[in-house]
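Visitor: I am new to reading protein models, and I would like a close look at a single part. Could you take me slowly through the residues that the database record marks as a binding site?

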Amino acid sequence: MGIANNLRLSSSLSRILHRRILYSSAARSFTTSEGHRPTIVHKQGLDILHDPWFNKGTAFTMTERNRLDLRGLLPPNVMDSEQQIQRFMTDLKRLEEQARDGPSDPNALAKWRILNRLHDRNETMYYKVLINNIEEYAPIVYTPTVGLVCQNYSGLFRRPRGMYFSAEDRGEMMSMVYNWPAEQVDMIVVTDGSRILGLGDLGVHGIGIAVGKLDLYVAAAGINPQRVLPVMIDVGTNNEKLLKDPMYLGLQQRRLEDDDYIDVIDEFMEAVYTRWPHVIVQFEDFQSKWAFKLLQRYRYTNRMFNDDVQGTAGVAIAGLLGAVRAQGRPMIDFPKMKIVVAGAGSAGIGVLNAARKTMARMLGNTETAFDSAQSQFWVVDAQGLITEGRENIDPEAQLFARKTKEMERLGLKEGATLVEVVREVKPDVLLGLSAVGGLFSKEVLEAMKGSTSTRPAIFAMSNPTKNAECTPQDAFSILGENMIFASGSPFKNVEFGSGHVGHCNQGNNMYLFPGIGLGTLLSGAPIVSDGMLQAASECLAAYMSEEEVLQGIIYPPISRIRDITKRIAAAVIKEAIEEDLVEGYREMDARELQKLNEEELMEYVENNMWNPEYPTLVYKDD
C-alpha cells in the first residue's frame with residue numbers, strides 16, 4: 001500500500017474517531033481517551049457525593065463545588081487524583097491488619113474489604129488504584145481471594161451490585177431488566193453459582209465471581225464501568241449448609257433441573273438481548289452438565305461465550321504452545337506433543353477440544369488430521385483412565401476415550417490410575433484441571449521423570465490455590481530446574497541459588513477473556529467464533545520473546561495486562577474481518593474496519609479503551 005493511501009486511511013480513521021467523539025451519546029455519558037466531554041448529571045449536593053459513578057471526593061474543584069452545590073460539604077483543600085491515591089494507599093497499608101473481623105479473616109480478605117469500600121464510594125478512583133497496582137490487586141478482586149469472598153458473601157454483603165434473577169421471577173424478567181439504570185450495557189458476566197472455581201455449589205454467593213470478572217474487564221480491557229452488568233441467576237442450591245443457613249441471601253430450595261432450568265436461562269437471555277441487542281454475555285462457573293449445553297444452545301445466535309470452557313482452553317493452549325517454544329522448537333511442532341489430562345469437567349473437556357482443533361489446523365484440518373490430533377491425549381478422571389470400555393461415559397468425554405486394544409499394548413486398562421498412565425505414556429505435558437488439590441503426588445511427579453520430552457511441563461491449573469494439583473516447589477524439587485511449570489493461581493518463583501530461578505507461570509484466564517470481549521465488542525461480530533478464540537490464544541502464545549520462553553517464562557507478567565489485552569483484541573478483530581463477521585462499532589462501520597492496517601487497528605482499539613479520569617460534571621435540572 002502506498003504512502004498516499006496510508007495517509008488517507010489515517011486521516012479517515014481520525015475523522016471517524018472525531019465524529020464518534022462529537023456525536024455519540026448515552027443516558028450516562030463517560031470520559032475516555034477519545035476526548036474529555038463534560039458529563040451531564042441530574043443531581044447535586046449529597047446525592048452526587050453518594051453516587052460512586054460521579055463522586056470525586058476531595059478532587060472536586062471549587063468551580064464544580066459551586067456549580068453542584070457542594071461547597072461546605074467537603075474539606076476545603078482540593079486534591080488531585082494522585083494525591084487521593086497516595087492518601088488511600090497509606091490508609092490501606094495501615095488498615096490491612098485492623099480491618100480483620102477476627103482470626104478467620106485473613107489479610108487478603110481485609111484488603112478486599114477496603115478496596116470494596118472504595119468501589120462503593122468512588123468508582124473512578126477505585127479503577128485507577130486497581131490499574132496502577134494490577135499485579136498486587138488482581139489476586140484480591142479475582143482469583144484466589146474471590147473464592148474466599150464467594151464463600152462468605154452473605155456476611156460480606158453491604159451494597160447491592162449487579163442484578164439477581166431467580167426462579168421466582170419467571171414471567172417477570174422482561175420487565176425486570178429495565179430496572180437497571182444504564183441505557184447501554186456492553187458486557188454481562190452471568191453465573192448460576194453452581195460451580196464456583198473449585199469450591200462447588202455456592203448458590204447466590206456466586207455473584208462475587210461475576211463482579212470480580214467485570215472489574216478485570218474494566219481494568220484490563222477498558223470496558224466502561226457504567227456499561228457492565230454482573231448477573232446472578234438463582235435457581236436454588238444443592239449446598240446443604242446454605243439450605244440450612246438462616247443468613248443465606250438466596251433461594252433456599254433445591255436447584256431446578258431439566259426443562260425448568262432451561263426455561264429460566266432462556267427467559268433471561270431473551271430479556272437482556274431485547275433491551276441490549278448488542279450486549280456480550282460471558283457465562284461463568286456453570287456446572288459441567290449445563291456449561292456445554294448452554295454454550296451450544298446460544299453461541300451461534302448470540303454474542304456470548306463460556307470462559308470456563310473457552311477461556312480456560314485458550315489460556316491453556318497458549319501455555320502449551322509456549323512450552324513447545326521453550327524447548328527451542330517452532331509452535332508448528334505442537335501436534336507432536338503427548339498430553340495427559342487430569343480432569344474431564346467443563347474446563348478439562350474445553351481444553352481438550354481446543355487443543356485438538358489447534359493441532360488439526362496445524363496438520364491441515366483434514367479428517368486424518370483430527371484423528372491424529374485426537375491420539376495425542378490421555379484423559380484421566382476420578383474413575384481413572386477413560387477408555388471405550390467405560391460404562392455410561394460422559395458424551396463430551398466420549399471423543400477422547402482411548403481404544404481398549406491400544407491401551408492393552410501399553411499395559412493399561414480402563415480406570416488405570418494417573419501414575420500408571422504417566423509411567424507408561426511418558427508424556428511431554430501433565431495438565432491438571434481436576435480441582436483436586438495435591439493430585440500430582442510425589443509418585444506422579446516421579447513418574448514424569450520418564451518423560452520423553454527434553455523439557456517436560458507441569459500445568460497445575462485448578463483454582464483456587466488449595467485446589468492446585470501441586471505446588472511449584474513440589475514439581476521443581478522432583479523434576480529439577482529444566483522443566484516448565486504453570487498454575488491457575490499465583491505462586492512465587494522457586495529460587496535454586498546461583499541466580500537460577502524456576503519460573504511459576506500463572507495461566508490466568510484474565511490474559512484472554514478481556515481481549516476476547518473487547519475485540520468482539522469493537523468488531524461488532526454477531527458471534528464469538530472458534531477462529532476468533534484461536535486468534536486470541538495464538539496472540540498470547542506469541543507475546544513472549546524468544547529469550548523469555550527459553551528461560552521458562554511462557555506467560556507475561558500481569559503488569560502488562562493492558563498491552564496484552566490491546567493486542568489480543570486487535571487479533572480478534574482481524575480474525576473477525578477475515579471471517580467476514582465484522583459489522584462495525586459506533587461510527588466505525590465494517591467497510592472502514594476492513595481498510596485499517598495493523599498499526600491503525602491497534603490505535604482504534606486503544607482509543608476505545610476507557611481510562612479512569614474524572615470528567616467535568618455539569619448539572620442539568622430534569
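Guide: What follows is a walk through the annotated residues, one at a time, and then a look at some salt bridges. Please keep in mind that this is a predicted model.

In the unreviewed UniProt entry, one annotation named "binding site" covers Arg195, Asn463 and Asn508, and Arg195, Asn463 and Asn508 are included in the lining of the largest pocket. Another annotation of that name, also from the unreviewed entry, covers Glu284, Asp285 and Asp308. Although these three are spread over 25 residues of sequence, they cluster in space, with a largest C-alpha distance of 6.5 Å. The lining of the largest pocket takes in Glu284, Asp285 and Asp308 as well.

Let us begin with arginine 195, which lies in the loop between E3 and H11. Arginine 195 has a relative accessible area of 22%, and because buried means under 20%, it counts as partly exposed. If residues up to four places away in sequence are set aside, arginine 195 touches Gly200, Asp285, Phe286, Gln287, Asp308 and Ser346, so that two residues of the other annotation, Asp285 and Asp308, appear among its contacts. Within its own loop region, the side chain of arginine 195 also reaches the backbone oxygen of leucine 197, at 2.6 Å.Aspartate 308 is placed in helix H15, residues 307-326, and at 5% relative accessibility this residue counts as buried. A polar contact of 3.3 Å joins the side chain of aspartate 308 to that of arginine 195. Beyond its neighbours up to four places away in sequence, aspartate 308 touches Arg195, Phe283, Glu284, Asp285, Phe286, Ser346 and Ala347.

Aspartate 285 is found in the loop between strand E5 (280-283) and H14, and it is buried, with a relative accessible area of 1%. Leaving aside neighbours within four places in sequence, aspartate 285 is in contact with a list of residues that includes Thr191, Asp192, Gly193, Ser194, Arg195 and Asp308.

Asparagine 508, from the annotation that also covers Arg195, sits in the loop between strand E15 (504-506) and helix H23 (513-523). At 4% relative accessibility, asparagine 508 counts as buried. Its side chain reaches the backbone nitrogen of methionine 510 at 3.0 Å, while its contacts, not counting residues up to four places away in sequence, are Tyr142, Thr143 and Val315.

One of the contacts of aspartate 285, Asp192, leads us on to the salt bridges. The side chains of aspartate 192 and arginine 255 meet in a salt bridge, with 3.8 Å from N to O. This pair links distant parts of the chain, 63 residues apart: aspartate 192 is in the loop between strand E3 (187-191) and helix H11 (207-221), and arginine 255 is in the loop between helix H12 (240-244) and helix H13 (258-275). Both aspartate 192 and arginine 255 are buried.

The structure holds 33 salt bridges, and another of them is formed by arginine 299 and aspartate 530, whose closest N and O atoms are 2.9 Å apart. Arginine 299 lies in the loop between helix H14 (288-298) and strand E6 (304-306), and aspartate 530 lies in helix H24 (residues 530-543), so this pair ties together parts that are 231 residues apart in sequence. Arginine 299 is buried, with a relative accessible area of 5%, whereas aspartate 530 is partly exposed, at 34%.

Notes
Residues are numbered from 1 along each chain as its sequence is written. This is a predicted model: local features need pLDDT of at least 70, side-chain atom pairs count only at pLDDT 80 or more; totals for chains, interfaces and linings use all residues. Side-chain values use heavy atoms; hydrogens and water are left out. A salt bridge is a side-chain nitrogen of Lys or Arg within 4 Å of a carboxyl oxygen of Asp or Glu. Helices (H or I, at least four residues) and strands (E, at least two) are DSSP runs, numbered from the N terminus. Buried means under 20% relative accessible area, exposed over 50%, partly exposed in between (1.4 Å probe, protein chains only). UniProt positions are given in the numbering used here, feature names are shortened, and annotations may be inferred rather than shown by experiment. On a 1 Å grid over the protein atoms alone, a cavity is a set of points where a 1.4 Å probe fits but cannot get out, and a pocket is an open set with protein on both sides within 12 Å along at least five of seven lines; lining residues have an atom within 4 Å of a point. Contact means heavy atoms within 4.5 Å. A polar contact is a pair of N or O atoms within 3.5 Å; within protein, one must be able to donate a hydrogen and the other to accept it, and residues adjacent in sequence count only if both atoms are side-chain atoms.
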